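Visitor: I should like a close look at a single part of this protein, the aromatic residues and how they are arranged. Please place that part beside other features of the model once it has been described.

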Amino acid sequence: MKERSNIWFYIKHFKIHSIFLRNFLIIVCLMILPVAGMSAAVYVVYGKVIQEEIGAVHHIALSRLRDMIDMTIREVDEFALQAAADPAAGRLFAELRPDRADVDLFNHIHLLRQRLTPVTKLSGQFINSVYLYMDTSGYVLSTNLGLWDSQWFLDSGWIPGYERRKSSESYWVSAREATQYVGEQRERHFLSFFYTAPLDKKNKQGAIVVNVDAARLGQFINNVSDPYLEDIYIADRDGTVLYNRDLSLINRQLSDIAPLRQQMQNSGSKPDSLSSEGTTRSITSLRSQYNDWTFISVLPLQVVQEKNAYLRRYVFVIFAAGLAVGLLLALIIAAKVFQPIRKVLSIVEDPDKWSAVELERREPRLNEIRQIAATIVRSHGERIELEQELRKRLTLLKQAQNVALQSQINPHFLYNTLETINWNAIRLTGGENKVSEMIASLAMLLRLSLETPTNLIPIREELEHVQHYLDLLAVRYKNSFAIEWKIEESIRSCRIPKITLQPIVENAIYHGIKPKRGQGVVRITGRRQGEQIVLDVTDDGVGIGPEQTGRINAAMREDYSEPGDHIGIKNVNQRIKLTFGDEYGLAISSEPGIGTTVRLTMPVVE
């Protein structure tokens, strides 16, 4: 007892767990969760603000870079179109052997070479060379290499592609690799712009090729962009990469580059945050305002991640410290609460030792503990009285069971006596007669009620029971009523509580047909309706008024054992509800002078 009155005993065996846990949850809900929630909210808001600021700066920086590139490409286009429209270029396109030029043609070539060399424009910073290719002669005029036969020109890998596309396109851009000088160890990366020429003729005779050095373009992009733009992608309308600082990605599809797959599905320019391979990146894309290019900037958010990690640790420390404080406070409160509970437990464990005098001696002050203890002592006395009353009722129940068992002997005696009377009647009259038939029908009724081992019998047998009862009535009320049967064959094997239809048919004859003048008709129908069986017993007798019909239906719904008229119907209704549930039973509908229908509903029981 001393050990069980210790709070640690109940904590160990979880008997004070509900009180301890309740106090702990109250502290968590009132103190810890608000603080932790505010910290988490600050963390989320701070993260969103930082990402929005970075996204805004990211977008502005990319917009500035896009404008610079658009302006540069516009200069390249203007420069190339001027060259394609130059009369000197038109004369050179028509020459069959420009390598055998006279003095006048040589001067044209020298002048054209100077014009093809941009030196004052912004684009001149990263243009490597300009080629003028002549279809007629197959020669190439290069700004940095001079006039060459294309068969001997080292950088001629672009010519087959030009031959395929010149008839269907007048302008295109291609990223390629090539060497221009003999002995070069590494290939140069070019972004080549192709313009078919001359402009004033429908049949093109050559092309202007502007080669942009990808390395110089990268330096230009790094000078124009600010530190927030870490990785720049430039792609054409087909999603092919035209520029990236990782030259191995040039000419690859954006959809093949893991960090950009999701961005390809987002056609907007709003910055997106994407996490992959443990790194969060801010990705911004913008459409060119000059051509069909797309500019994409990828920014690793490493600094933001580090700050977010610091905030997460801060929130976790606050939450852990709050839990520790909450546990301590909950334990202190539980110990205080357990002191009066200990007294209550001692009364519950041995209430016989407590009386009104003892209670007043131990708890002289009138408080909650004294009130609870008095209630427990009083409840203990009432429980003892209830136990004594229960023992008396069990004794009476056994006596009632003996009476019920004894009463079962009387119907057997009556059944055997009827069989003896039937045999004597047949013997005295020399054969079967009306009396013997009535005795036989009555004996069959008694046999059904006595020999059926279960309360549920097939509907087929219940109908036979009704027929035996009707045979008895037919002798007394000859030609007073007729019976019409309409029972679906599918429900005849389903089970029904025995002696269910007979009281309903009896009620129809005695209360419906008998008071009526002339012959009456009783219709017995049965059908399956979904998962229910519906049996109707309808008579064309005198009927019942609406008020009495309502009272009978209400009595069967609310108190189906209420005594009064129609006891047989109420008994059947009670047995159906006890067997299958309150949603089943009987319902009566009637009209005075027309007749009455008693509907029985019950579940399908195979």
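Guide: The account below begins with the aromatic residues and then turns to a pocket, a cavity and two helices. The model is a predicted one.

The structure holds 11 aromatic pairs. In one of them, Tyr131 and Trp158 are stacked, with 6.0 Å from centre to centre and 25° between the planes. This pair links distant parts of the chain, since Tyr131 belongs to strand 1 (residues 127-134), whereas Trp158 sits in the loop between strand 3 (146-149) and helix 5 (159-165), 27 residues apart. Both partners are covered. Tyr131 is buried because its relative accessible area is 0%, and Trp158 is buried too, because its value is 5%.

Trp158 also pairs with Tyr133. The centres of these two rings are 5.6 Å apart and their planes stand at 85°, so the pair is edge-to-face. Here again distant parts of the chain are linked: Tyr133 lies in strand 1 and Trp158 in the loop between strand 3 and helix 5, with their positions 25 residues apart in the numbering. Tyr133 has a relative accessibility of 5% and therefore counts as buried. Trp158 thus takes part in a stacked pair with Tyr131 and in an edge-to-face pair with Tyr133. These three residues belong to one aromatic cluster, which is formed by Tyr131, Tyr133, Phe153, Trp158, Tyr162, Trp172 and Phe194.

One member of the cluster, Trp172, leads to the largest pocket. Trp172 is among the lining residues that lie nearest the centre of this pocket, together with Arg165, Val173, Asp236 and Arg237. The lining has 16 residues in total, and the space inside is about 370 Å³. Strand 4 (residues 171-178) gives the largest share of the lining, 5 residues. By class, the lining consists of 6 nonpolar, 4 polar and 6 charged residues.

The cavity has a lining of another composition. The structure holds 1 cavity of 30 Å³ or more, and the volume of the largest cavity is about 40 Å³. Its lining is made up of Ile69, Ile73, Phe126, Leu191, Phe193, Val212, Leu217, Ile234 and Trp293. These divide into 9 nonpolar residues, with no polar and no charged ones. Helix 2 (17-84) and strand 5 (188-197) each supply at least two of the lining residues.

Two helices further along the chain may be set side by side. Helix 14 (residues 501-513) has 13 residues and reaches 17 Å from its first C-alpha to its last, close to the 18 Å expected. Helix 14 is mostly covered, with 10 of its 13 residues buried; among them are Leu501, Ile504, Val505, Ala508, Ile509 and Ile513.

Helix 15 (residues 546-558) also has 13 residues, and its reach of 18 Å is close to the 18 Å expected. The buried residues of helix 15 are Thr549, Ile552, Asn553, Ala555 and Met556. They lie on the same side of helix 15, because the arc they cover around the axis is only 160°. An α-helix has 3.6 residues a turn, so residues three or four places apart point the same way. On the other side of helix 15, the exposed residues are Pro546, Glu547, Arg551, Arg557 and Glu558.

Notes
Residues are numbered from 1 along each chain as its sequence is written. This is a predicted model: local features need pLDDT of at least 70, side-chain atom pairs count only at pLDDT 80 or more; totals for chains, interfaces and linings use all residues. Side-chain values use heavy atoms; hydrogens and water are left out. Helices (H or I, at least four residues) and strands (E, at least two) are DSSP runs, numbered from the N terminus. The expected span of a helix is 1.5 Å times one less than its number of residues. Buried means under 20% relative accessible area, exposed over 50%, partly exposed in between (1.4 Å probe, protein chains only). Rings of Phe, Tyr and Trp (its six-membered ring) pair if their centres lie within 6.5 Å; planes under 30 degrees apart count as stacked, over 60 as edge-to-face and the rest as tilted. On a 1 Å grid over the protein atoms alone, a cavity is a set of points where a 1.4 Å probe fits but cannot get out, and a pocket is an open set with protein on both sides within 12 Å along at least five of seven lines; lining residues have an atom within 4 Å of a point. Grid points are joined across faces, edges and corners, and a volume is the space filled by probe spheres set on the points. Ala, Val, Leu, Ile, Met, Phe, Trp, Tyr, Cys and Pro count as nonpolar, Asp, Glu, Lys and Arg as charged, and the others, Gly among them, as polar. The arc is that of the directions from the helix axis to the C-beta atoms.
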